[in-house]
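Please study the sequence and the model shown here before attempting the exercises. Each exercise is followed by a worked solution.

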Amino acid sequence: MDYRTGAEFVFDHLTNMDRTVVERQATTRAMYAFIVLHAILLVVFINNFIRSVALTIQCRNKLTPLCCLVNSASGLIYLLSVLLYFSPYGTSCSCLVTIAHAAVAISGIAEYVYVLERAYTARRHRWIILLVGLLFILVRIIYCALLWRLMQGNYDDTGMCVAGFPSYTPYIRSAHDIG
């Protein structure tokens, strides 16, 4: 695993004289496009987070706004870590992959809780729905813990951080989704 920050890796990648000017320009374009896209998404996620905080304050005793708040907070934390990735003292690639996976896992569990609450109240508080829903949430937590253990961050040819995982991981995810 490489523990350099994104800025350090991109700087090393751009100053590598073994690469052509065209390759270095492609890396620079990809990096700037990545940063601009995530900066725009950050504005959207900040707006979403502010609205979910207002909704949570307005509906204090409900679980649904809290799930919305957790979902938007995890996305906001991920986007902030992505933008920090390119700062000189930012996060490493492996740390970024860990934060991304945690954000996706927490967001997915919040969505499961939301759906479970809706199904439980729609079926007039049937315990079987609650038990089956909690079983699905437990399977999701186990899947996320397994994937967390197997994932690692690597750099691709253009200097971008990508998540690496074993080839059988999509099959585990498919079995989880079908179940």
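The exercises below concern a predicted model, and each solution proceeds step by step.

**Exercise 1. The overall fold**

Determine how many helices and strands the chain has, and in which pattern they follow one another along the sequence.

Solution.
Step 1. A count of the elements gives six helices and two strands.
Step 2. Read along the sequence, these elements are arranged as α-α-α-α-α-β-β-α.
Step 3. The chain comprises 179 residues, of which 33% count as buried.
Step 4. The chain exposes about 11,300 Å², and 68% of this area is supplied by carbon and sulfur atoms.

**Exercise 2. The span of a helix**

Compare the reach of helix α4 with the span expected at 1.5 Å a residue.

Solution.
Step 1. Helix α4 covers residues 93-122, which is 30 residues.
Step 2. The expected span is 1.5 Å times one less than the number of residues, which gives 44 Å for helix α4.
Step 3. From its first C-alpha to its last, helix α4 reaches 43 Å, close to the expected value.
Step 4. After α4 comes Arg 124, which has a positive phi, near 55°.

**Exercise 3. A histidine in helix α4**

Decide whether His 101 is buried or exposed, and state which residues are in contact with His 101 when neighbours within four places in sequence are left aside.

Solution.
Step 1. His 101 is located in helix α4.
Step 2. The relative accessible area of His 101 is 8%. Buried means under 20%, so His 101 is buried.
Step 3. With the neighbours within four places in sequence set aside, His 101 is in contact with Cys 144, Leu 147, Trp 148 and Met 151.
Step 4. Among these partners, Cys 144 is likewise buried, with a relative accessible area of 5%.

**Exercise 4. Disulfides**

Establish how many disulfides the model contains.

Solution.
Step 1. A disulfide is a covalent bond between the sulfur atoms of two cysteines.
Step 2. The cut-off for a pair of cysteine sulfur atoms is 2.5 Å, and by this rule the count is zero disulfides.
Step 3. Cys 68 serves as an example: the nearest cysteine sulfur, that of Cys 67, is 8.8 Å away, and Cys 68 is in no disulfide.
Step 4. Cys 68 is partly exposed, with a relative accessible area of 29%.

**Exercise 5. A nonpolar patch**

Identify which helix gives the most residues to the nonpolar patch on the surface.

Solution.
Step 1. The patch is formed by Leu 63, Leu 66, Val 70 and Ile 106, which together have about 300 Å² of accessible area.
Step 2. Helix α3, residues 63-85, gives the most, with three residues.
Step 3. Val 70 lies in helix α3 and is partly exposed, with a relative accessible area of 33%.

How values were computed
Residues are numbered from 1 along each chain as its sequence is written. This is a predicted model: local features need pLDDT of at least 70, side-chain atom pairs count only at pLDDT 80 or more; totals for chains, interfaces and linings use all residues. Side-chain values use heavy atoms; hydrogens and water are left out. Patches are made of residues with over 30% relative accessible area and no salt bridge: like charges are joined within 9 Å, nonpolar side chains (Val, Leu, Ile, Met, Phe, Trp, Tyr) within 5 Å. Accessible areas come from the Shrake-Rupley method with a 1.4 Å probe; for residues, only the protein chains shown count as cover. A salt bridge is a side-chain nitrogen of Lys or Arg within 4 Å of a carboxyl oxygen of Asp or Glu. Helices (H or I, at least four residues) and strands (E, at least two) are DSSP runs, numbered from the N terminus. Buried means under 20% relative accessible area, exposed over 50%, partly exposed in between (1.4 Å probe, protein chains only). Contact means heavy atoms within 4.5 Å.
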